[in-house]
Amino acid sequence: MLPLKDYRRYGRQMILEGFGLPGQVKLKEASVVVVGAGGLGCPALQYLAASGIGRIGVIDHDVVELSNLHRQILHTETTIGTPKALSAAKALSVINQQLKVEAVVQSLSPTNATKLLATYDVILDCTDNAPTRYLLSDVAVALKKPLVSGAAQRFEGQLCIYNYGENGPCYRCLFPKPPAQETVGTCEETGILGTVTGVIGNLQALETIKIIVGLKDQAPSLLLFDALRTPPFRSIKLRKKKPACAACGSGEKTRGMIDNTDYVQFCGGPPANWVERGLVPGSAETRISTKDLHRILATEVLTLIDVRPRTEYGICHLPNSLNIPLNELVSNPKAAMPEGAKDIYILCRLGNDSQIAADALREVSTAPVKDIIGGLVSWARDVDSSFPIY
Ligand SMILES: Nc1ncnc2c1ncn2[C@@H]1O[C@H](COP(=O)(O)OP(=O)(O)OP(=O)(O)O)[C@@H](O)[C@H]1O
């Protein structure tokens with residue numbers, strides 16, 4: 001049934017009750033696809049490859065960056081600048097030469113998703129944005145495949161298996177409407193402890209293996225992880241799928257829904273870092289670039305407020321800037337107003353929070369308030385490349 005050396009290689013898991021030779025053969029014959037070769041995708045892929053799964057697809061459009069390496073453990077200093085799908089595929093074939101790896105350097109979209117995912121048995125959502133989560137869920141429903149979904153931010157993570165078994169709910173059953181834009185953020189904005197993505201990505205691999213081998217029960221649940229709590233895990237029982245769900249309640253119509261949905265718009269419009277990407281031009285009266293700020297700082301006295309959290313300000317900040325974290329400023333803008341401020345300039349990391357802060361201060365300030373486009377990341381890119389923003 002298996003080559004002799006596989007008995008030695010996988011023997012420690014094959015002797016497990018309920019696993020056995022049939023379990024290992026099922027893994028060998030199985031195929032899984034991991035969308036996102038980032039913080040969650042890397043540990044998930046690493047364990048899946050080692051477990052003896054026969055075929056693994058890796059889909060990611062992005063390239064490896066230095067700031068990925070603390071958590072995206074398949075990538076290395078030598079693969080910086082390489083597409084993540086290729087970097088991951090190379091690392092996986094070193095882990096297991098028997099594995100068939102298929103790397104796709106593309107962004108998953110409504111036009112390519114069904115085709116790219118159709119030939120795999122299990123789909124893993126290791127991405128970091130709401131539009132892709134809804135898209136993956138809808139495609140999993142249309143293709144009738146289980147979706148092992150992970151999420152992680154700061155010290156916390158979540159794990160849920162959608163569309164599994166007879167009546168398992170899909171992502172839309174739980175979240176018919178996307179969360180408000182301002183309540184979600186990427187790891188780039190909120191921070192992430194590398195080992196937290198390790199925990200969740202590893203659990204995604206574990207649940208995938210259980211599904212393939214036939215060890216997974218059918219009771220739907222949502223696992224919540226908070227590294228700073230004791231105990232760190234909590235599990236919430238979920239209801240079965242909703243008959244009124246727009247995706248899994250609509251049977252064969254889900255395919256049509258994928259073609260006709262603008263997932264980005266459904267999730268509230270442009271991506272969170274839209275200012276950075278220059279998608280929304282600012283008005284010259286209320287917003288200035290970092291280059292202009294640099295020029296003004298050389299000749300004028302102004303009030304520069306940095307609204308990042310204290311920890312981030314403590315890592316690096318511009319000289320003479322005041323730190324008033326966004327939540328403090330927004331909860332009481334009057335109290336936050338520096339005395340005698342004439343011209344107020346607001347700065348944050350990427351240029352999003354500074355706009356919220358500037359709006360709040362304008363309500364109480366007689367002095368002009370401007371926010372700085374692109375924040376300190378733009379400062380490091382366009383003004384001072386030695387500024388240590390990460
Ligand atoms: N639609 C998509 N198609 C393919 N890959 C996607 C899609 N959406 C997100 N991803 C990938 O999912 C991965 C998520 O990884 P992670 O959450 O660690 O964030 P990151 O983008 O690598 O890092 P950071 O937020 O720090 O810049 C990324 O590599 C990203 O390119």
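A polar contact is a pair of N or O atoms within 3.5 Å. With that cut-off in hand, the tour of this predicted model opens at the ligand.

**Stop 1: the ligand and its polar partners**

Select the ligand together with lysine 84. A polar atom in the side chain of lysine 84 is placed 2.5 Å from a ligand oxygen atom. Next, add leucine 108, where the partner belongs to the backbone: a polar backbone atom lies 2.8 Å from a nitrogen atom of the ligand. Then add asparagine 129, whose side chain has an N or O atom 3.0 Å from a ligand nitrogen atom. The ligand taken alone exposes 630 Å², and the protein buries 90% of this area.

**Stop 2: the shell around the ligand**

Widen the selection to the surrounding residues, which number 21. The closest are Gly39, Asp60, Arg71, Lys84 and Leu108. Colouring the shell by class shows 11 polar, 6 charged and 4 nonpolar residues.

**Stop 3: threonine 79**

Select threonine 79, in the loop that runs between strand 2 (55–59) and helix 5 (84–95). Is this residue buried or exposed? Threonine 79 counts as buried because its relative accessibility is 12%, and the cut-off for buried is under 20%. Show the side chains of threonine 79 and serine 87 to see the polar contact between them, at 3.2 Å. Apart from residues up to four places away in sequence, threonine 79 touches Val64 and Ser87.

**Stop 4: helix 3**

Move to helix 3, residues 20–29, and select its buried positions: Gly20, Gly23, Gln24, Val25 and Leu27. Which elements do these residues pack against? Display helix 2 (11–14), helix 4 (41–51) and helix 10 (194–213), against which the buried residues of helix 3 pack.

**Stop 5: residues 298–388**

Select residues 298–388, which an unreviewed UniProt entry annotates as "domain: Rhodanese". This span is 40% helix and 16% strand, and its end C-alpha atoms are 21 Å apart.

**Stop 6: alanine 357**

Finish by selecting alanine 357 in helix 17 (residues 353–362). With a relative accessibility of 0%, alanine 357 counts as buried. Which residues is alanine 357 in contact with, leaving aside its neighbours within four places in sequence? They are Val307, Leu326, Leu329 and Ile346. To close, draw a distance between the C-alpha atoms of alanine 357 and valine 307: the two residues are 50 residues apart in sequence, and 7.4 Å apart in space.

Notes
Residues numbered from 1 in each chain as written. Predicted model: local features only at pLDDT ≥ 70, side-chain atom pairs only at ≥ 80, totals over all residues. Heavy atoms only, no water. Buried < 20%, exposed > 50% of the residue type's maximum accessible area, 1.4 Å probe, protein only. Helix = DSSP H or I, 4+ residues; strand = E, 2+ residues; numbered from the N terminus. Contact = heavy atoms within 4.5 Å. UniProt positions renumbered as here; feature names shortened; annotations may be inferred. Near = heavy atom within 4 Å. Polar contact = N/O pair within 3.5 Å; in protein donor to acceptor, adjacent residues only side chain to side chain. Areas by Shrake-Rupley, 256 points an atom, 1.4 Å probe, with all protein chains shown as cover. Nonpolar A, V, L, I, M, F, W, Y, C, P; charged D, E, K, R; others polar.
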